[in-house]
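Grab your viewer and work through these exercises with the model open. Try each task yourself before reading the solution.

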Amino acid sequence: MNLLDTAHSAVEAVAGHRLRSLLTTLGILIGIAAVTLTVGLGQGAQERVSEQISALGSNLLIVLPGSSTSTTGVRGGAGSASTLTTRDAAALTDRTDAPDVAAVAPVTSGSATLVAGTTNWRTTLAGTTPSWTAVRDRTLVTGRFFTQAEVDAAAPVVVLGPLTAQDLFPSAASAVGRTVQVDGTPLTVVGVLAPEGTSASGTSQDDTAVLPQTTAAALLGGGARTRISTLYVEATGPAALSAAYQEVDRTLLTLHGVTPATADFTLTSQQALVSTATATAHTLTVLLGGVAGLSLLVGGIGVMNIMLVSVTERVREIGLRKAIGASPSAIRRQFVLEAGLLGVGGGVLGVALGVTGAELLPRVIGQPVDLSATATVAAVGVSLVVGLVAGVYPAHRAARLAPIDALRSQ
Amino acid sequence: MTAVGPEGTGRTVLDLRDAVKTYTTGSGLTVRALVGVDLTVREGAYLAITGPSGSGKSTLMHVLGCLDALTTGSYRLDGVEVGAMDEYGLAAARNRLIGFVFQQFHLLPGLSAVRNVELPLAYAGVGRADRRARAVAALERVGLGDRTDHRPGELSGGQQQRVAVARALVTEPALLLADEPTGNLDSASTEDVLDLFDELHAAGRTIVVITHEQDVAARAQDRLHLRDGRFTPPPVIAGATGVAR
């Protein structure tokens, strides 16, 4: 009996007991649906994290000022000291010292209340240079970004985030050319940024006001006018990221006259953020996947159980098949195939359930589910293997039945 | 020595020498089912083996059908020693050399008549089209050419047994082995099946029927009577050629 014939009779045997076959596959069905959904959820989460991080600009290095220690010995966290200045930003644009750095954007930040007519809105001010758009990978929906000349002249211009523009003016488009006041200083809106969404740290990147660094320093006051709170450095490419990291580190250490142990700044890369976030999502996926895998194991035991019952029930059939010439391996193949078929059936139904769940779940829990074709095909493959393995022992029992005992049973 | 079947040119289909079969029951008792049986069946024979229950009939049938092994002695089927065969050899022997007809028919209820008849050919590795043609021919041979697509449940007992005979014949086996073939049939169906056996015998088939019914045995060419695990002269059967040791 060739494989096709055996498969044919396996299909008939499974189809002959529809309800029982369906119930048998239930364990595998649920297991596969769980695995599909879990992996989908995990990948959805990873996807979202990567999107958020790349929204910040890939190939990005971030330099934060070091910690400050007050006279009473109270130490602030990273960024609390004002050890970074525009001088550092200028030094990093040097092509010889830092050949792998494409652009540098120093940011002086603070918060302020913007007033437009009768409306006011409190938001973050970011004082920077024109390279900010390239480094942060931002575009404008309308208007223009400010120029280097405006930075040099500390011109009273501002570029608003889309949310900020909408809060202050009827629409983003109508904001350009209008005036907002910060602490009585009028600033002309020259452009509005394109929406970017929420950053990995959870803050909105669309609610902001970007203005020349010099203008911001004057508005925010306090400290030196050259003080900057964050220095964004863009590497020339993903491959150059670690070289750029070394160069920035070395340049700033030399400039500040400190050693790595006494460094008064913190250098982090987007890459580090990405790997941390992905690792977290990955751990979660593995954990949930493990639980789902357990339910697959239970499903496999269910198939094995029913196959054993089936062998006992069909003793006469097995006896007859042996009497008319079925070899032990032909009998074994028949039962293994039947179990495999139950496994695949459960897998296919499970994937169907998983796909349905992937459609419905995001509407309920608000988490994206990203089903991959590879994972889906693999799930069906795994269910086939689970079925086949579960069939081995029952099939072995069937193959070993003595034909006369089998025929004699009533 | 008991030999049946046409003498001379006929080859020996089966040859049983000093066959002994003992069982140990669950309670530890040793049962001697066959006590030194000798039997030679030549091609073209039509032999009935009779005997009361417990005489060893079923055991003999299982041994002849390669379903059970002898404790001691020798059994040659179509010239090959069965005792030396492994499970795969036995399966092949049952498939190619023996056609079984059982009292309970043993048809698979889910399969149509023609697919039941095809089954031994499927295990023999015969291709689909060839298999179907031969199965239909075998069903026509037993007079059921118009019932090929009926399931066993849709056929009468006599028809079911004829399907079983077609299944036994489809591989052109050396030996047709029937175990109480009419035990579950009414007298009309019994007559049908026995007529079919007569025809097959006339066509040169080798048939061994095991039965406890005298009128079934009476239709055979030769009769042997089994009692307490050995052949004995049958009580009252005219024309018997079986000889006691």
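Below are five short exercises with worked solutions.

This is a predicted model: local features need pLDDT of at least 70 and side-chain atom pairs count only at pLDDT 80 or more, while totals for chains, interfaces and linings use all residues. Residues are numbered from 1 along each chain as its sequence is written, with chains lettered from A and ligands numbered from 1 in the order in which they are written.

**Exercise 1: a helix check**

Task: work out whether the length of helix α8 of chain A agrees or disagrees with the expected span.

Solution. Start with the terms: helices (H or I, at least four residues) and strands (E, at least two) are DSSP runs, numbered from the N terminus. The expected span is 1.5 Å times one less than the number of residues. Helix α8(A) covers residues 241-256, so its 16 residues should span 22 Å, and the end C-alpha atoms are indeed 22 Å apart. Next, look at burial (buried means 20 or more other C-beta atoms within 10 Å of a residue's own, exposed 12 or fewer, partly exposed in between, with C-beta atoms placed from the backbone). Buried residues of α8(A) include A:L241, A:A244, A:Y245, A:V248 and A:L252. An α-helix has 3.6 residues a turn, so residues three or four places apart point the same way. Just past the helix, A:G257 has a positive phi of about 65°.

**Exercise 2: a sheet in chain B**

Task: find the strand order of the open six-stranded sheet in chain B.

Solution. Strands count as paired if DSSP finds at least two bridges between them. Tracing the pairs gives β7-β8-β9-β4-β10-β11, with mixed pairing. The edges are β7 (98-101) and β11 (230-232), each paired on one side only. Now walk along the neighbours. Strand β8(B), residues 175-179, runs parallel to β9(B) over four bridges, and B:L176 sits opposite B:I207. On β4(B), residues 46-50, four bridges again link to β9(B) in the parallel sense, with B:L47 partnering B:V208. By contrast, β10(B), residues 222-227, is antiparallel to β11(B), with three bridges; B:L226 pairs with B:F231 there.

**Exercise 3: the faces of β9(B)**

Task: decide whether the faces of strand β9(B), residues 207-210, are covered or open.

Solution. In a regular strand the side chains alternate between the two faces of the sheet. For β9(B), B:I207 and B:V209 lie on one side, B:V208 and B:I210 on the other, and all are buried, leaving both faces covered.

**Exercise 4: core residues**

Task: name some of the best-connected members of the largest nonpolar core.

Solution. A nonpolar core is a set of buried Ala, Val, Leu, Ile, Met, Phe, Trp, Tyr and Cys residues joined through C-beta atoms within 7 Å. The largest one has 125 residues, and those touching the most other members include B:L47, B:L177 and B:V208. Take B:L177: not counting residues up to four places away in sequence, B:L177 touches B:M61, B:L64, B:G65, B:I98, B:G99, B:F100 and B:V208. Contact here means C-beta atoms, placed from the backbone, within 7 Å.

**Exercise 5: A:L353**

Task: say whether A:L353 is buried, partly exposed or exposed.

Solution. First, place A:L353 in helix α11 of chain A, residues 328-365. Then count: 17 other C-beta atoms lie within 10 Å, so A:L353 is partly exposed. Finally, check the partners: A:L353 and A:I30 are 323 residues apart in sequence, with C-alpha atoms 8.2 Å apart in space. Contacts of A:L353, not counting residues up to four places away in sequence, are A:L29 and A:A33.

Notes: Contact = placed C-beta atoms within 7 Å.
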